[in-house]
Amino acid sequence: MKKVAIVGLGVMGRPMANNLIAKSYNVVAMDLSARALSQIPGAIAPSAEALEGAEAIITMLPEGKDVQSVYEKIVLPGAPAHSLLIDCSTIDIETTEDLAARAAERGLDMLDAPVSGGPEAAGQGTLSLMVGGSPEAYARAGTLLDDMGAKRSYFGPSGSGQAAKVCHNMIVGITALGVMEGFALADSLGLDLTQFFQLCSGAAAQSWALENRCPIPGVAPATPASNNYAPGFAASLMAKDLRLAKAAAKASGQSTPFGTQAADRFTEFSDAGGGHLDFSAIYTSLREQTERP
Ligand code: NAD
């Protein structure tokens with residue numbers, strides 16, 4: 001039974017840990033929050049000593065500063081020689097490259113492997129993983145990555161998994177705003193929104209955002225909108241990912257005007273108190289902004 005440590009047992013980390021436990025891994029589950037610890041039997045506060053014997057150390061944390069803190073306090077001091085470090089959080093490329101370089105100084109391989117797919121995919125081991133790091137580390141991680149995800153794509157050196165993830169989420173954020181704005185206009189023009197959803201579903205407007213985040217309660221089955229916009233994928237995380245894309249665009253010199261608009265709109269919505277809601281809840285603020293002739 002392979003010993004694997006997971007740090008970060010939130011919306012995603014908990015089902016990821018449960019999936020590996022169900023697949024007979026010996027999982028050391030760690031988190032700072034008492035609430036998160038109470039939800040997995042045997043879970044403990046983060047500790048460098050508890051990493052002893054771990055073959056892989058997975059982090060699933062909110063932001064770059066959290067991953068940096070966990071690496072400095074427990075992973076870099078405590079990771080056993082030959083263990084593999086896998087960061088599945090969505091964070092900035094610079095922090096990833098810096099931590100991979102510091103891990104290499106200790107003789108450790110680090111992969112960035114951010115994921116697409118929500119908590120259900122995490123629990124079923126059907127995530128999509130976007131991976132950066134050395135080809136050797138990617139080959140070593142093969143079985144574990146296959147136990148976590150249904151699809152994995154290797155993009156190249158350290159940071160390239162994060163690069164793929166921010167570009168991917170920029171497409172999702174822009175597309176989602178298109179869906180929301182289309183429904184706001186359809187509603188203001190008096191269309192039957194169920195009929196409009198069915199039309200879009202079978203026509204060129206079809207997308208993941210439309211099918212899974214239709215913003216009108218009761219129109220598409222099992223959406224956050226039909227559950228008081230409970231996440232799902234929180235608006236604050238969508239805003240964070242879009243800001244990461246904006247920063248990556250700035251660093252590379254590529255202009256991304258629609259991505260920038262999306263980052264600003266989701267950040268505004270999140271700062272105004274909607275951050276804990278699913279990102280599709282941004283529809284409510286768009287629909288309120290009605291211009292009178
Ligand atoms: P979350 O906020 O639900 O969980 C984060 C967990 O990390 C919390 O339990 C928190 O207590 C813990 N934590 C924070 N700092 C810590 C520290 N220093 N030591 C130990 N534990 C610490 O977040 P989430 O939704 O699980 O997302 C995690 C990452 O995955 C984010 O980067 C997010 O962008 C990405 N992601 C999320 C989704 C989704 O659907 N929620 C999908 C794909 C990717």
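The questions below concern the two domains and the bound ligand of a predicted model.

Residues are numbered from 1 along each chain as its sequence is written. Local features need pLDDT of at least 70, side-chain atom pairs count only at pLDDT 80 or more, and totals for chains, interfaces and linings use all residues, while side-chain values use heavy atoms, with hydrogens and water left out.

Q: What makes residues 3-157 and 164-288 separate domains?
A: An automatic or database domain assignment sets the bounds, and it gives domain 1 (3-157) and domain 2 (164-288). Their centres, taken over C-alpha atoms, are 28 Å apart.

Q: How many residues of domain 1 and domain 2 are in contact?
A: Contact means heavy atoms within 4.5 Å; by that rule, twelve residues of domain 1 meet eight residues of domain 2.

Q: Which salt bridges does the rule find across the interface of domain 1 and domain 2?
A: A salt bridge needs a side-chain nitrogen of Lys or Arg within 4 Å of a carboxyl oxygen of Asp or Glu. The rule finds zero across this interface.

Q: Why is the approach of Asp31 to the ligand called a polar contact?
A: A polar contact is a pair of N or O atoms within 3.5 Å; within protein, one must be able to donate a hydrogen and the other to accept it, and residues adjacent in sequence count only if both atoms are side-chain atoms. A polar side-chain atom of Asp31 lies 2.6 Å from an oxygen atom of the ligand, so the pair qualifies.

Q: What places backbone atoms of Met12 and Pro62 under that rule?
A: A backbone N or O atom of Met12 lies 2.9 Å from a ligand oxygen, and a polar backbone atom of Pro62 is 3.0 Å from a ligand oxygen; both therefore fall within 3.5 Å.
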